[in-house]
Structure formats: C-alpha cells, structure tokens
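Work through the exercises below with the sequence and the 3D view open. Try each task before you read its solution.

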Amino acid sequence: MADTTRLEKSFAHLVGDANLRSAVQNWLRWLRDERRLSPHTVDAYVRDLSGFLTFMAGHLNGPLTLGGLEALAARDFRAWLARRSSIGLQRTSTARALSVLRGFFVWLERNDHVCNHAIRTVRTPKQPHPVPKPLDEAEAMAVVQDVGILASEPWIAARDIAIMTLLYGCGLRISEALCLTRSQAPFGSVIRVLGKGGKERMVPVLPVVCEAVQTYISSCPYPLDDDGALFRGARGGPLGPRPIQRQMQKLRSILGLPETATPHSMRHSFATHLLSSGGDLRSIQELLGHASLSTTQRYTAVDTGRLLRDYNATHPRAR
C-alpha cells in the first residue's frame, strides 16, 4: 500500500477523475499481488507512470481523466517522448518508461476502463547495445586476492574475499550473493541461485569458492542462523552492496583498474573468460540466468574484440 499512497500523493492534484485514481490503485495492486513484482520494480513503475501523468496534465492544460487518456493521440505520446529527450533522459530509461506505459494501457483495456490503440503505433527509441566490460584474467584474480587488504578486521577481509570469489567463480550478481542465507552457503557441487524475476537456476561451485566461504563463516563473529543472511555487515546486520562497491572503488586506484571495474564486472569477467576458453554460449546463458540468448551473445563481441587485438599483435603480416 505504500507504493499506492506515494503515487497518489505524487500526482493527486493532476487527476480529476475518481475512476482514474481507482484504476491506478488497482493496477498497482495487480503488479504487486498478481505479477508479484519486487518493491524496487514497482517503485520504478510508479516513477514512470507519475512522470507521464505529470507531463500530460501540463500538455493538456487540465486534470486527467480516464476519458482524457482514451482520447490521447499518437502525437501526444510522441510529445512526451520528445520532452524526455530534450531534458537529457537516456534512451534506455525512456524505453523502459514506454514499456510501463504500454502495459498500463493494456491493463486498462483488459479491465474495460479505456481502449487506446494510438500508443501501439509509437515506436520504442532505438537502443544502444553496450558491450560488457570485463576485467582480464590477471585483473580479476588480483581483485579476488587483494580485496582483503582493505578490510579493517580479518573476518571482514575473509567476507570480502568470499563475495568476490562467488561473483567471479559462479557469475553471481552482487544482489544474488547478498541474498544467500546461511543454509544456502555453497558447500556442495552446485548452488541454487534466486535471480531476477524470482527465477531459480543451478550453478556449479568450484572448490575454491567453498573454501573461501568456509573461511568467512569460521571467522564471522556473529551467529549465522540457517534462515538468516549469510553475509553480515560490520555491526552484524545483513550486508548491503554499498560496502563491496566502496572496496571495489578503492581497488581501482590501488590496482590501476579501469573505471568500469565494479562488482558487476566480475560477473562479466566470469562469462567472458568462460567463452574465451571454449565455453558453450547456451551453457553460459544458463549459468548467468539470462532469459534471452541475445543478452548472452553480447559477450561474443567482447571475445571477438580480444581475438582481433591478438591477431593484429601477433600475425607476421600485421607488423
């Protein structure tokens, strides 16, 4: 209900229709209770819809109603897109907001509130396809080995090494690693990971990962209940991502790493190094938990770039 209240407050003065307010409330409940989206995702949807309604209230010079939404033409939606572009919002952000908006209008139609097909004619802005920026093998190993020197206490050093080993050794997202409970600690041959959208996947575990996590558990001064967080902060509470991000930032300076070196780049490194060693693209997709193979295929661009650099550096006719 907190999301509904926040959304109501953010544009209550813009909505002149009790039916529209009720529709938005029911849409939010549907996102939360039926689609079971995470609070973070619902919050992003709230911001996107609120931004659209704020713009349209000014664009139409008056409070919004369900009838007003039904009467919107393609030019109105394009005006909103143009406004986002003019204030410098990224295309990826606008594409997500447009996707949220399309979903909202589909929900309105399915629930017999409004029917507006104009939004279907509006094209999504073309998206850049950034290539993942992994570390090379020596850099990734240096991160795993040296992150502990930055810690204020030995058990924190063991914790940070265990986390970096998980990210690089298993290809986990930082959020996935920090969501592990004590009972989910990787001590077998595989680990069950809960990824985006609540999707589970099984990831093989290297002995070095098990050893690093066991070293951390043995040195952690706080009791680790089976259902409690595996990784703890300095005061004993569940560890958040920020301390690990800060350590990585310090390592960039100490090790001379690029600005793109983040905890997530360890996951990129995992995938890229597997691929360059002959790993199968489909298998890597499964290990990473990507819903679409096209997402995993971005790593082939990284590997091709490395291959071309090696070719130009070593081929006799390239000298």
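**Exercise 1. Describe the second largest pocket: its volume, its centre and its lining.**

Solution.
Step 1: state the volume. The second largest pocket has a volume of about 290 Å³. The search uses a 1 Å grid over the protein atoms alone; a pocket is an open set of points with protein on both sides within 12 Å along at least five of seven lines, where a cavity is a set in which a 1.4 Å probe fits but cannot get out. Points are joined across faces, edges and corners, and the volume is the space filled by probe spheres set on them.
Step 2: find the centre. The lining has 15 residues, and M141, Y168, G169, L206 and V208 are the closest to the centre. A lining residue has an atom within 4 Å of a point.
Step 3: name the elements. α7 (137-146), α8 (154-170), α10 (207-219) and α12 (263-276) each give two or more residues to this lining. Helices (H or I, at least four residues) and strands (E, at least two) are DSSP runs, numbered from the N terminus.
Step 4: sort the lining. It holds 9 nonpolar, 5 polar and 1 charged. Ala, Val, Leu, Ile, Met, Phe, Trp, Tyr, Cys and Pro count as nonpolar; Asp, Glu, Lys and Arg count as charged; the others, Gly among them, count as polar.

A note on the source: this is a predicted model, so local features need pLDDT of at least 70 and side-chain atom pairs need pLDDT 80 or more, while totals for chains, interfaces and linings use all residues. Residues are numbered from 1 along each chain as its sequence is written, and side-chain values use heavy atoms, with hydrogens and water left out.

**Exercise 2. Classify the aromatic pair of F77 and F105.**

Solution.
Step 1: recall the method. A pair of aromatic rings is described by the distance of the centres and the angle of the planes.
Step 2: apply the cut-offs. Rings of Phe, Tyr and Trp (its six-membered ring) pair if their centres lie within 6.5 Å; planes under 30 degrees apart are stacked, over 60 edge-to-face, and the rest tilted. F77 and F105 are 5.6 Å apart, centre to centre, with 80 degrees between the planes, and the pair is edge-to-face.
Step 3: place the rings. F77 is in helix α5 (residues 74-86) and F105 in helix α6 (residues 91-110), 28 residues apart.
Step 4: check burial (under 20% relative accessible area is buried, over 50% exposed, partly exposed in between; 1.4 Å probe, protein chains only). F77 is buried, because its relative accessibility is 0%. F105 is buried too, at 3%.
Step 5: widen the view. F77 and F105 belong to one aromatic cluster with W27, Y45, F52, W80 and F104.

**Exercise 3. Is M164 buried or exposed, and which residues does it contact?**

Solution.
Step 1: locate M164. It is found in helix α8.
Step 2: judge burial. M164 has a relative accessible area of 1%, so it is buried.
Step 3: list contacts (heavy atoms within 4.5 Å). Beyond its neighbours within four places in sequence, M164 is in contact with V143, V144, V147, I244, M248 and M266.
Step 4: compare sequence and space. M164 and V144 are 20 residues apart in sequence, and 5.5 Å apart from C-alpha to C-alpha.

**Exercise 4. What is the phi of R36, and what is that of D112?**

Solution.
Step 1: recall the rule. Most residues other than glycine have a negative phi.
Step 2: read the angles. R36 has a positive phi of about 55 degrees. D112 has a positive phi of about 60 degrees.
Step 3: locate both. R36 is in the loop between α2 (18-34) and α3 (39-59). D112 lies in the loop between α6 and α7.
Step 4: judge exposure. R36 is exposed at 67% relative accessible area. D112 is exposed at 72%.
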